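Let's take a friendly walk through this protein together. Keep the sequence and the 3D view open side by side as you read.

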Amino acid sequence: MKIRKDKPGRNDPCPCGSGRKYKHCCYGSPERAVEDLKTRYARKYNIRLKAAKDIEGIRRAGRLTVETLDMVEARLRIGMTTDEINALVHEFTIRNGAVPAPLNYRGFPKSVCVSLNEEICHGIPDGRVIAEGDIVNVDVTPILDGYYADANKTFFMGSPGPDARKIVDVARECLRLGMDMVKPGNTTGDIGWAIQRYAETNQCSVVREFVGHGVGFDFHEAPQILHYGRKGDGVPLVPGMVFTIEPMINLGKRHLRILENQWTAVTVDGSLSAQFEQTILVTEGGYESLTPYDL
């Protein structure tokens with residue numbers, strides 16, 4: 001977890017989003033700045049900024065999310081089916097007083113997404129057996145006391161080959177670099193720019209059809225967080241925004257196709273794909289991960 005607590009200076013942009021300097025805007029009225037910001041972002045971007053009590057609720061859901069991933073990592077083994085992972089996640093979520101958000105979401109039939117190797121995302125758990133050398137992405141979203149948190153990791157099974165190690169390392173670093181761009185005054189486009197630049201520098205590609213998203217009150221909220229783009233594009237980042245950064249990185253070309261189950265996305269060229277995701281809060285001086293794990 002990385003928390004930055006530097007407060008805006010008098011000559012910094014006002015956190016209300018007016019574009020004026022803090023000293024010429026809301027410097028003496030922080031309450032007005034917060035209220036104006038919430039109203040402006042709801043009206044202009046359909047973004048619901050989170051209050052302190054909401055952030056604490058998402059943080060609790062985030063702790064359960066990370067505990068679920070840790071539990072799965074401890075029990076993953078070669079020869080296990082992806083449906084067994086689903087059972088573990090479902091039972092752990094219910095036992096901890098939460099509800100698995102993916103179950104029945106728009107018809108999704110399982111409690112977790114498990115994507116292997118060439119599967120980019122939305123893998124539906126079934127009888128597929130995990131084999132030596134596979135990479136396995138597990139994507140977890142519990143609803144705890146009405147709040148959502150969302151995170152995933154890609155795991156090695158056994159000894160990874162050089163291609164598997166490369167794509168997982170690049171995807172992990174893409175998330176870290178994207179998170180490092182989060183601070184007031186930057187934009188959502190800055191996040192995508194940092195991710196795309198690193199991935200393509202390492203001869204990998206960024207999936208464009210799926211994006212990060214606001215989260216907390218609902219599974220998917222505004223804004224969308226593209227994992228590619230240009231610096232300065234998109235929505236200005238302000239305190240109280242909560243969203244996921246979840247770059248999906250392919251070893252080969254970025255193109256995908258959807259399987260007949262209407263959910264699972266796979267690489268067209270059959271290349272490996274990996275992903276890491278965390279739920280991020282924009283703070284006054286930077287960010288806090290609400291689903292913190294080491295990268």
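What follows is a short tour of two helix pairs, two backbone details and a pocket.

Before setting off, please keep in mind that this is a predicted model.

A good place to begin is with helix α2, which covers residues 52-75, and helix α3, which covers residues 82-95. Their axes come within 10 Å and cross at roughly 145°, and the crossing is right-handed. If you would like to highlight the contact, α2 brings Leu64, Glu67, Thr68, Met71, Val72 and Arg75, while α3 offers Ile85, Leu88, Val89 and Phe92. Sorted by class, this contact holds 7 nonpolar, 1 polar and 2 charged residues.

Now move along the chain to helix α4 (residues 162-180) and helix α5 (residues 188-201). Here the axes come within 8 Å, with a crossing angle of roughly 150°. How do these two helices run relative to each other? Angles over 145 degrees count as roughly antiparallel, and α4 and α5 are therefore roughly antiparallel to each other. The crossing of α4 past α5 is right-handed. On the α4 side, the contact is made by Val170, Glu173, Cys174, Leu177 and Gly178; on the α5 side, look for Ile191, Ala194, Ile195, Tyr198 and Ala199. By class, the residues of this contact are 8 nonpolar, 1 polar and 1 charged.

Next come the two details of the backbone. Arg106 sits in the loop between β1 (99-100) and β2 (113-116). Although Arg106 is not a glycine, its phi is positive, at about 50°. Further along, Ala222 and Pro223 are joined by a cis peptide bond, with omega at about 5°. Pro223 belongs to strand β10.

That strand leads us to the last stop, because β10 (221-225) is one of the elements that supply at least two residues each to the lining of the second largest pocket. Strand β9 (212-214) does so too. How much space lies in this pocket? The second largest pocket holds about 520 Å³. Its lining is made up of 24 residues, and those nearest the centre are Tyr105, His122, Phe210, His213 and His220. By class, the lining has 10 nonpolar, 7 polar and 7 charged residues. To see the pocket for yourself, start by selecting the residues nearest its centre, Tyr105 and Phe210 among them, and then add strands β9 and β10 to the view.

Note on methods. Residues numbered from 1 in each chain as written. Predicted model: local features only at pLDDT ≥ 70, side-chain atom pairs only at ≥ 80, totals over all residues. Heavy atoms only, no water. 1 Å grid on protein atoms, 1.4 Å probe; cavity = no way out; pocket = protein on both sides within 12 Å on 5 of 7 lines; lining within 4 Å. Points joined across faces, edges and corners; volume = space filled by probe spheres on them. Helix = DSSP H or I, 4+ residues; strand = E, 2+ residues; numbered from the N terminus. Nonpolar A, V, L, I, M, F, W, Y, C, P; charged D, E, K, R; others polar. Axes fitted to C-alpha atoms, helices over the stretch in contact; angles between N-to-C directions. Parallel < 35°, antiparallel > 145°, perpendicular 65-115°, else oblique. Left-handed = near helix turned anticlockwise from the far one by under 90°. Contact = heavy atoms within 4.5 Å.
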